[in-house]
Amino acid sequence: MAGAEQLNSFLVDMFGRINKIEERTMAEGLGSAVSITEIHIIEKIGAQGPVRMSEIAKSIGVTLATLTVACDKLVAKGLVRRVRSLEDRRVVNITLTAKGRAAYEYHKAFHERMIASVLDSLSPEQTAVLAQSLEKLQDFFRQEEAAMEGEEHG
């Protein structure tokens, strides 16, 4: 059981540290503070391009109202802009500004450094075991999310 307790302690500590370090790193790179939710919004927009606000809200697991507040802050910081769809004026897409694109690239580079710091010291076999283990953890999270969504809609 000590192994399970150690793994749990490690995961809780790691998730907390990643969030705190991401926020601090992004703030240093941008010259202004950003929340972890704002970082994830920037990440989703950067990966997908102009995207509906409702899609971003769903993909990061927040309400549209929460996303609207976060986007207001990101607009004020000059990181994103809202653009009405030309096809359907009811649809609002969000896109990164040049400053937002730079923030996205900065954040992406942080993740690349983080992953490289782990993989550089592992053999291909160890990398495969780590990837399989993390896939199992990801499957657990997906199942938990699906169960939560089922409770919300059921």
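Student: Why is arginine 82 called partly exposed in this predicted model?

Tutor: Its relative accessible area is 33%. Buried would require a value under 20%, and exposed a value over 50%. Arginine 82 therefore falls in between and is partly exposed.

Student: What makes the contact between aspartate 72 and arginine 82 a salt bridge?

Tutor: The closest N and O atoms of the two residues are 2.6 Å apart. The limit for a side-chain nitrogen of Arg and a carboxyl oxygen of Asp is 4 Å, so the pair qualifies. The two partners are 10 residues apart and link distant parts of the chain, with aspartate 72 in helix 4 and arginine 82 in strand 2 (residues 80–84).

Student: Is aspartate 72 buried or exposed, or does it lie in between?

Tutor: Aspartate 72 has a relative accessible area of 41%. That value is neither under 20% nor over 50%, so aspartate 72 is partly exposed.

Student: How many salt bridges does the whole structure contain?

Tutor: A search finds six. One of them joins the side chains of arginine 17 and aspartate 13, with 2.8 Å from N to O. Both of these residues belong to helix 1, where they are four residues apart, about one turn of the helix. Aspartate 13 has a relative accessibility of 37%, between the limits of 20% and 50%, and therefore counts as partly exposed.

Student: How do you know that aspartate 88 and arginine 90 form a salt bridge?

Tutor: Their side chains meet at 2.9 Å, N to O. Since the cut-off is 4 Å, the pair is accepted as a salt bridge. In general, side chains of opposite charge can pair when their charged atoms come close.

Student: Why do aspartate 88 and arginine 90 receive separate accessibility labels?

Tutor: Aspartate 88 has a relative accessible area of 22%, which is not under 20%, so it is partly exposed and not buried. Arginine 90 reaches 72%, which is over 50%, and is therefore exposed.

Student: Why is threonine 95 called buried?

Tutor: The relative accessibility of threonine 95 is 13%. This is under 20%, so the residue counts as buried. Threonine 95 is located in strand 3. Leaving out residues up to four places away in sequence, threonine 95 touches Ile45, Pro50, Leu79, Val80, Arg81 and Val83.

Student: What does valine 92 contact beyond its sequence neighbours?

Tutor: Valine 92, also a residue of strand 3, is in contact with Val51, Arg52, Met53, Arg82, Val83 and Arg84, when neighbours within four places in sequence are set aside. The C-alpha atoms of valine 92 and tyrosine 104 are separated by 21 Å, the two residues being 12 residues apart along the chain.

Student: Which residues have the most contacts inside the largest nonpolar core?

Tutor: They are Ile41, Ile42, Ile45, Ile56, Leu67, Leu79 and Ile94, in a core of 22 residues. Membership implies burial, because a nonpolar core is built of buried residues joined through side-chain atoms within 4.5 Å. Elements that each supply at least two residues include helix 1 (2–30), helix 3 (53–60), strand 3 (92–96) and helix 5. The largest share, five residues, comes from helix 2. As for isoleucine 56, its contacts more than four places away in sequence include Ile41, Ile45, Leu67 and Ile94.

Student: What makes the pair of phenylalanine 15 and phenylalanine 141 edge-to-face?

Tutor: The structure holds two aromatic pairs. In this one the ring centres are 6.3 Å apart, and the planes are at 65 degrees. The centres lie within 6.5 Å and the angle is over 60 degrees, so the rings pair and the arrangement is edge-to-face. Phenylalanine 15 in helix 1 and phenylalanine 141 in helix 6 are 126 residues apart. Ring pairs link Phe15, Phe140 and Phe141 into a cluster.

Student: Why are phenylalanine 15 and phenylalanine 141 called partly exposed?

Tutor: Phenylalanine 15 has a relative accessible area of 36%, and phenylalanine 141 one of 37%. Both values lie between 20% and 50%, hence the label.

Student: How do you know that leucine 119 is accessible enough for the nonpolar surface patch?

Tutor: Leucine 119 has a relative accessible area of 37%. A patch residue needs over 30%, so leucine 119 passes that test. The patch of about 380 Å² is made by Ile115, Val118, Leu119, Leu130 and Leu134. Helix 5 (98–119) and helix 6 (124–153) each give two or more residues to the patch, and helix 5 has the largest share, three residues.

How values were computed
Residues numbered from 1 in each chain as written. Predicted model: local features only at pLDDT ≥ 70, side-chain atom pairs only at ≥ 80, totals over all residues. Heavy atoms only, no water. Patch = residues over 30% accessible without salt bridge, like charges linked within 9 Å, V, L, I, M, F, W, Y side chains within 5 Å. Areas by Shrake-Rupley, 256 points an atom, 1.4 Å probe, with all protein chains shown as cover. Buried < 20%, exposed > 50% of the residue type's maximum accessible area, 1.4 Å probe, protein only. Contact = heavy atoms within 4.5 Å. Phe/Tyr/Trp six-rings, centres within 6.5 Å; stacked < 30°, edge-to-face > 60°.
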